[in-house]
Amino acid sequence: MPVQMELSRIIISDINDQQVIYLKEVDGQRMFPILIGLFEAASIDRRVKHFHSPRPLTHDLVVSVVESLGGELQDVVISELREHTYFAKLRVRREGELIEIDARPSDAIAVAVTCDPQLPIYVAEDVLEDVLGEQS
């Protein structure tokens, strides 16, 4: 069963190519980092700080396209950790059907924080066990 997580921290570095976001368990203590790119980190950071661009940015466009096509963004699930790479699904409900769209976790989380209200973020229990086992 997936565990609900929340974005707890964003670390943006001027000297590193990879940035870091931390997800923390909503009703617990577990937390883990995900390395992401600068563009995605900046997009997430802008949304968290309530900065609105005069023109739609990429993640705004994704939300707008889904809604314009009659879909409702439901949530994000980080579903798998394979060879140190996370896999996520952006889940959309349309005409009663649940559609799962493959996404990088950074893009899925950027979409989640772009939505108003923000989409729930879930992480599969086995992913949490794998990543926390690796950190030990």
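Helices (H or I, at least four residues) and strands (E, at least two) are DSSP runs, numbered from the N terminus. Keep that in mind, and let's start the tour.

What you have open is a predicted model, in which local features need pLDDT of at least 70, side-chain atom pairs count only at pLDDT 80 or more, and totals for chains, interfaces and linings use all residues. Residues are numbered from 1 along each chain as its sequence is written, and side-chain values use heavy atoms, with hydrogens and water left out.

**Stop 1: His50**

Select His50, in the loop between helix H1 (38-48) and H2. Check its backbone: phi is positive, about 60°, although His50 is not a glycine. Here's the background: most residues other than glycine have a negative phi, and most peptide bonds are trans. Is His50 buried or exposed? His50 counts as exposed, at 60% relative accessibility. The cut-offs are these: buried means under 20% relative accessible area, exposed over 50%, and partly exposed in between (1.4 Å probe, protein chains only).

**Stop 2: the sheet**

Now show the strands. Strands of a sheet pair through backbone hydrogen bonds, either parallel or antiparallel. Two strands count as paired if DSSP finds at least two bridges between them. In what order do the seven strands of the open sheet come? Going across, you meet S3-S2-S1-S7-S4-S5-S6, and the pairing is mixed. Strand S3 (31-37) and S6 stand at the edges with a single partner strand each, so one side of each has no neighbour in the sheet. On average, neighbouring strands here are turned by 35° against each other, direction ignored. For angles like this one, axes are lines fitted to C-alpha atoms (for helices, over the stretch in contact), and angles run from 0 to 180 degrees between N-to-C directions.

**Stop 3: Val20**

Go to strand S2 (residues 18-25) and click on Val20. Val20 is buried, with a relative accessible area of 17%. What does Val20 touch, not counting residues up to four places away in sequence? You should find Arg9, Ile10, Ile11, Pro33, Ile34 and Leu35, where contact means heavy atoms within 4.5 Å. Try a distance between C-alpha atoms too: Val20 and Ile34 are 14 residues apart in sequence and 5.6 Å apart in space.

**Stop 4: S7, S4, S5 and S6**

Next, move along to S4 and S7, which pair in the parallel sense over three bridges. To see one bridge, select Val76 and its partner in S7, Ile121.

Then look at strand S4 (residues 72-82) with strand S5 (residues 85-94): they run antiparallel and nine bridges join them. Leu73 has Val92 of S5 as its bridge partner. S4 and S5 form a hairpin with two residues between them, and Glu83 in the turn has a positive phi of about 50°.

Carry on to strand S6 (residues 97-103), which pairs with S5 in the antiparallel sense over seven bridges. Here you can pick out Arg91 and its bridge partner in S6, Glu100. The hairpin of S5 and S6 has two residues between the strands. Glu95 is in that loop, and its phi is near 50°, a positive value in a residue other than glycine. Glu95 is exposed, with a relative accessible area of 73%.

**Stop 5: helix H3**

Now select H3, which lies across strand S1 (3-11), S2, S3, S4, S5, S6 and S7, running at about 40° to S5. How many of the ten residues of H3 are buried? Nine are, leaving H3 mostly covered. One of the buried residues is Ser106, with a relative accessible area of 7%. Leaving aside neighbours within four places in sequence, Ser106 is in contact with Ile36, Glu40 and Ile44.

**Stop 6: H2 against H3**

Two packed helices are described by the angle between their axes and the distance between the axes. Helix H2 (residues 58-68) packs on helix H3 (residues 105-114) at an angle of about 70°, with the axes 9 Å apart. That makes H2 roughly perpendicular to H3 (under 35 degrees counts as roughly parallel, over 145 as roughly antiparallel, 65 to 115 as roughly perpendicular and the rest as oblique). To see the contact, select His59, Asp60, Val62 and Val63 of H2, plus Asp107, Ala110, Val111 and Thr114 of H3.

**Last stop: Pro117**

Finish in the loop between H3 and strand S7 (121-123), at Pro117. The peptide bond from Asp116 to Pro117 is cis, with omega near 5°.
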